[in-house]
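Colleague: I want the reasoning behind the labels, not just the labels. Can we go through them one at a time?

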Amino acid sequence: MSDTSYRAVWDRRSSDDLAALEAVDNSGSEAVAQATGQRAASAIAQAVALEPEDVVLELGCGAARIGRELVGRCGQYVGTDISPNMIRVASRRLAGYDNVRLEVLERTSLSMIANDSVDKAYSVAVLCHMDKEDLFLYLNEFARILKPGGLAYVETWNLADPVGWERWMYEVNYWQRADHSQRKDVARNQFCVAEEFQLYAERAGLDVLVCFRDSPWLQMVVGRDLDATSRKHHRLRLAEARSEIAYTPLFGQLFLDCIRVIYGDIHPLTALKSLEPMAGRPEAELYRIHIQGLWDQDPDRYGPPPESQGR
Ligand SMILES: C[S@@+](CC[C@H](N)C(=O)[O-])C[C@H]1O[C@@H](n2cnc3c(N)ncnc32)[C@H](O)[C@@H]1O
């Protein structure tokens with residue numbers, strides 16, 4: 001029987017700390033979560049022009065993979081999530097910080113957050129795991145809670161990108177083989193094209209500043225009630241910071257290799273070998289840590305990882 005609510009799915013995937021890290025981005029280890037969290041945190045900080053006194057809200061904070069890397073850089077970090085288990089893990093990983101507020105969400109609403117109370121907001125790998133109605137409701141909530149002039153960063157899968165399309169085909173093929181008497185996984189991956197994603201934001205009353213679309217992910221930066229001067233300022237700023245925010249095509253390509261490892265289409269050794277000619281490139285280093293982490297987690301499936309073979 002499939003889970004019937006977002007909470008049930010994500011709670012089941014986060015029964016302990018390691019399971020939670022695996023659920024958030026297939027990290028499965030503290031070291032990998034920190035490496036990927038730092039990359040995401042620095043891109044988000046650039047995207048929303050993070051300031052040290054900002055109140056920052058994260059929708060779907062999970063295990064605070066990103067929050068842990070941002071909390072020291074803002075005035076207050078507000079992590080919200082539908083899964084009480086995820087919030088428990090986040091709370092353990094954020095212990096020691098006194099500028100943290102964590103909230104378990106009961107439904108698709110940020111009702112415990114006051115109107116006009118948040119400087120910056122963001123959500124990574126969350127809006128792609130829900131129905132479009134929920135995605136739109138959350139964008140409306142961002143428009144409500146952001147202060148006038150506030151900024152938010154959101155992302156989802158980009159169906160128009162070749163790797164994005166290939167990722168979607170995993171969903172199609174999975175469903176083709178699935179038991180059609182059961183409903184689809186409520187938290188399955190869902191996809192948008194840029195025009196659709198932007199339309200939801202605009203109809204939610206947000207100003208779309210940019211939507212990067214040259215990778216499997218649509219990365220949108222939006223603002224609330226921006227005047228013409230600050231809209232122009234942020235657009236210029238985002239164009240200049242593009243290389244620090246937008247995923248590169250190489251990042252997308254390597255992501256696909258990672259997915260192929262997870263779905264059993266290639267062995268981690270094949271993926272690691274294909275990274276060797278790219279040694280030194282930041283994308284290759286991140287994915288090396290990631291693929292190595294996948295192998296370390298599951299020696300029963302892949303055989304002993306390289307370290308234990310004395311490499
Ligand atoms: C793939 S994880 C990403 C976690 C975190 N953003 C990160 O990048 O590490 C998705 C997270 O979104 C949360 N989530 C899923 N559906 C949600 C919903 N409808 N409302 C709020 N949170 C949700 C899950 O509990 C989970 O923690």
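Modeller: Start with the shell around the ligand. Its residues divide into 14 nonpolar, four polar and three charged. Keep in mind that this is a predicted model.

Colleague: How many residues surround the ligand, and which are the closest?

Modeller: There are 21 of them. The closest are Gly60, Arg65, Asp81, Val124 and Tyr138. Helices α1 (6-12) and α2 (17-25) each supply at least two residues of the shell.

Colleague: What makes the approach of Arg65 to the ligand a polar contact?

Modeller: The cut-off is 3.5 Å between N or O atoms. An N or O atom in the Arg65 side chain is 2.8 Å from a ligand oxygen. That is within 3.5 Å, so the pair qualifies.

Colleague: Which part of Val124 faces a nitrogen atom of the ligand, backbone or side chain?

Modeller: The backbone. One of its N or O atoms lies 2.8 Å from a ligand nitrogen. Tyr138 uses its side chain: an N or O atom there is 2.6 Å from a nitrogen atom of the ligand. Taken alone, the ligand exposes 600 Å², and the protein buries 100% of that.

Colleague: Next, Ala90 in helix α5 (residues 84-93). Why does Ala90 count as buried?

Modeller: Buried means under 20% relative accessible area. Ala90 has 0%, so the label follows.

Colleague: What does Ala90 touch, beyond residues up to four places away in sequence?

Modeller: Cys61, Gly62, Ala63, Ala64 and Leu102. There is also a distance to Asp17, 73 residues away along the chain: the C-alpha atoms of Ala90 and Asp17 are separated by 8.9 Å.

Colleague: And Trp10, in helix α1: why is Trp10 called buried?

Modeller: Its relative accessibility is 13%. The limit is 20%, and 13% is under it, so Trp10 counts as buried. Leaving aside neighbours within four places in sequence, Trp10 is in contact with Ala23, Ser83, Met86, His129 and Ala187. The C-alpha atoms of Trp10 and Tyr153 are separated by 22 Å, with those positions 143 residues apart along the chain.

Colleague: On to the rings. How many aromatic pairs does the structure hold?

Modeller: It holds 11. Take Trp157 and Phe255, whose ring centres are 5.4 Å apart.

Colleague: Why is the pair of Trp157 and Phe255 called tilted?

Modeller: First, 5.4 Å is within the 6.5 Å limit, so the rings pair. Then the angle. Stacked needs planes under 30 degrees apart, and edge-to-face needs over 60. The planes here are at 50°, so the pair is tilted.

Colleague: What does that pair tie together?

Modeller: Trp157 lies in strand β5 (residues 146-158) and Phe255 in helix α11 (residues 249-262), so the pair joins parts that are 98 residues apart in sequence. Both rings belong to buried residues by the 20% cut-off, because Trp157 has 6% and Phe255 has 12%.

Colleague: What makes Phe251 and Tyr287 edge-to-face?

Modeller: The centres are 5.1 Å apart and the planes are at 65°. That angle is over 60, so edge-to-face is the right label. Phe251 lies in α11 and Tyr287 in helix α13 (residues 282-297), so this pair ties together parts that are 36 residues apart in sequence. Phe251 is buried, and so is Tyr287.

Colleague: Which residues form one aromatic cluster?

Modeller: Trp157, Phe191, Trp217, Tyr247, Phe251, Phe255 and Tyr287.

Colleague: Now the backbone. What makes the phi of Ala49 worth a remark?

Modeller: Most residues other than glycine have a negative phi. Ala49 has a positive phi, near 50°. Its place is in the loop between α3 (30-47) and β1 (55-59).

Colleague: Why is Ala49 called partly exposed?

Modeller: Partly exposed runs between 20% and 50%. Ala49 has 22%, so it falls in that range.

Colleague: Where is Ala125, and what is its phi?

Modeller: Ala125 sits in the loop between β4 (118-123) and α6 (132-145). Its phi is near 60°, again a positive value in a residue other than glycine. At 31% relative accessible area, Ala125 is partly exposed.

Colleague: Last, how do you know that Asp298 is partly exposed?

Modeller: Its relative accessible area is 28%. Buried would need under 20% and exposed over 50%, so Asp298 lies in between. Asp298 is found in the loop between α13 and α14 (299-302). The C-alpha atoms of Asp298 and Gly28 are separated by 9.9 Å, though the two residues are 270 apart along the chain.

Technical notes: Residues are numbered from 1 along each chain as its sequence is written. This is a predicted model: local features need pLDDT of at least 70, side-chain atom pairs count only at pLDDT 80 or more; totals for chains, interfaces and linings use all residues. Side-chain values use heavy atoms; hydrogens and water are left out. A residue is near a molecule or strand if one of its heavy atoms lies within 4 Å of it. A polar contact is a pair of N or O atoms within 3.5 Å; within protein, one must be able to donate a hydrogen and the other to accept it, and residues adjacent in sequence count only if both atoms are side-chain atoms. Accessible areas come from the Shrake-Rupley method with a 1.4 Å probe; for residues, only the protein chains shown count as cover. Helices (H or I, at least four residues) and strands (E, at least two) are DSSP runs, numbered from the N terminus. Ala, Val, Leu, Ile, Met, Phe, Trp, Tyr, Cys and Pro count as nonpolar, Asp, Glu, Lys and Arg as charged, and the others, Gly among them, as polar. Buried means under 20% relative accessible area, exposed over 50%, partly exposed in between (1.4 Å probe, protein chains only). Contact means heavy atoms within 4.5 Å. Rings of Phe, Tyr and Trp (its six-membered ring) pair if their centres lie within 6.5 Å; planes under 30 degrees apart count as stacked, over 60 as edge-to-face and the rest as tilted.
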